[in-house]
Amino acid sequence: MTTKVALITGTSRAIGLGFAVARQLAQLDHHVLLTARDVSRAEHLAARLRREGHQATALRLDLTDAAGMYQAADHIAHRFGHLDVLINNASGAVDFTVLSALDADLDAVRSALDVDVLGPWRLVQATLPLLQAAPAARVVNVTSVSARQIATGLDLGASLRAPAHSFAKHTLDVLTTVLARALEDTPILVNAVDPGETATHPERGDEGHARPAADSARGVVWAATLGENGPTGKLFRDTRPVT
């Protein structure tokens with residue numbers, strides 16, 4: 001039986017969501033490809049999974065480097081010939097202290113769009129032949145509850161918090177729908193998952209009120225392993241649709 005292969009972006013931190021997702025997919029017998037701009041950090045975590053008895057490889061991947069994305073795709077093509085799962089998890093914490101769109105740093109907005117939207121979009125393009133070579137590939141875009149500020153028309157009774165991050169994640173949700181529609185005549189399913197508040201940034205004090213990454217990862221892994229009649233073009237949190 002052909003080994004299932006899963007690529008997860010943004011897997012450079014042991015307490016991060018990306019690594020939790022990678023571990024759970026590895027436990028489901030996927031060969032996981034851990035990626036980061038600094039490949040040494042991804043390799044450290046891949047080695048940790050290998051010591052646990054799993055199949056794991058580290059790859060350098062910078063979502064602002066188009067040529068690098070195609071090089072990574074070529075590597076996967078030569079080694080595996082297919083890609084069963086693509087998890088677009090990488091994101092930049094660019095402006096969490098900004099409380100109004102009027103105070104937004106537009107360079108930060110551009111950076112967020114590069115990493116959260118244009119990067120995943122190009123990565124889907126770069127890996128499309130590999131996704132098509134798999135029997136039924138899954139693409140999961142990791143979004144954020146921050147996007148709901150825009151999706152609900154800013155009717156939350158407060159100004160737009162983290163405008164760059166929120167706008168980028170909202171646009172990623174839109175991209176999810178667009179890609180799902182473009183692939184609707186294929187077995188490839190594309191969905192977005194909001195992992196909820198996750199304790200991955202102790203520097204922001206989130207460990208006091210957010211859940212462990214392993215708990216949040218389960219919803220992402222669920223979307224990555226949907227059956228052939230699963231949904232596409234939808235937004236989920238903990239396997240439930242968000243409307």
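This section describes the nonpolar cores, helix α3 and an aromatic pair in a predicted model.

The largest nonpolar core has 36 residues. Leu7 and Leu86 make the most contacts inside this core. Four elements each give two or more residues to it: β1 (4-8), α3 (66-79), α4 (106-133) and α6 (163-182). The largest share, ten residues, comes from α4. Another core, of 29 residues, lies apart from this one. Among its members are Leu34, Ala56, Val142 and Val193. In soluble globular proteins, nonpolar side chains tend to be buried together.

Contacts of leucine 7 were examined with neighbours within four places in sequence left aside. Leucine 7 then touches Leu33, Thr35, Leu61 and Ile76. It is also in contact with Leu83, Val85, Leu86, Ile87 and Leu123.

Helix α3 has 14 residues. From first C-alpha to last it reaches 20 Å, close to the 20 Å expected at 1.5 Å a residue. Aspartate 65 caps the N-terminal end of α3. One of its side-chain oxygens lies 3.3 Å from the backbone nitrogen of alanine 67. Just after the helix, glycine 81 adopts a positive phi of about 80°.

The buried residues of α3 are Gly68, Met69, Ala72, Ala73 and Ile76. Viewed down the helix axis, they fall within an arc of 145°, so they line one face of α3. These buried residues pack against β1, β2 (30-36), β3 (56-60) and α4. The face turned away from the buried side carries the exposed residues Gln71 and His78.

Alanine 126 is located in helix α4. It has a relative accessible area of 8% and is therefore buried, the limit being under 20%. With neighbours within four places in sequence left aside, alanine 126 is in contact with Met69, Tyr70 and Ala73. Of these contacts, Met69 and Ala73 are among the buried residues of α3. Alanine 126 and glycine 53 are 73 residues apart in sequence, and their C-alpha atoms are 30 Å apart in space.

The structure holds one aromatic pair. The ring centres of tryptophan 222 and phenylalanine 236 are 4.9 Å apart. Their planes meet at 70°, so the pair is edge-to-face. The pair links distant parts of the chain, 14 residues apart. Tryptophan 222 sits in helix α7 (residues 213-224), and phenylalanine 236 in strand β7 (residues 235-237). Tryptophan 222 counts as partly exposed, at 27% relative accessibility. Phenylalanine 236 is buried, with a relative accessible area of 5%.

Terms used:
Residues are numbered from 1 along each chain as its sequence is written. Side-chain values use heavy atoms; hydrogens and water are left out. A nonpolar core is a set of buried Ala, Val, Leu, Ile, Met, Phe, Trp, Tyr and Cys residues joined through side-chain atoms within 4.5 Å. Buried means under 20% relative accessible area, exposed over 50%, partly exposed in between (1.4 Å probe, protein chains only). Contact means heavy atoms within 4.5 Å. Rings of Phe, Tyr and Trp (its six-membered ring) pair if their centres lie within 6.5 Å; planes under 30 degrees apart count as stacked, over 60 as edge-to-face and the rest as tilted. The expected span of a helix is 1.5 Å times one less than its number of residues. The arc is that of the directions from the helix axis to the C-beta atoms. A polar contact is a pair of N or O atoms within 3.5 Å; within protein, one must be able to donate a hydrogen and the other to accept it, and residues adjacent in sequence count only if both atoms are side-chain atoms.
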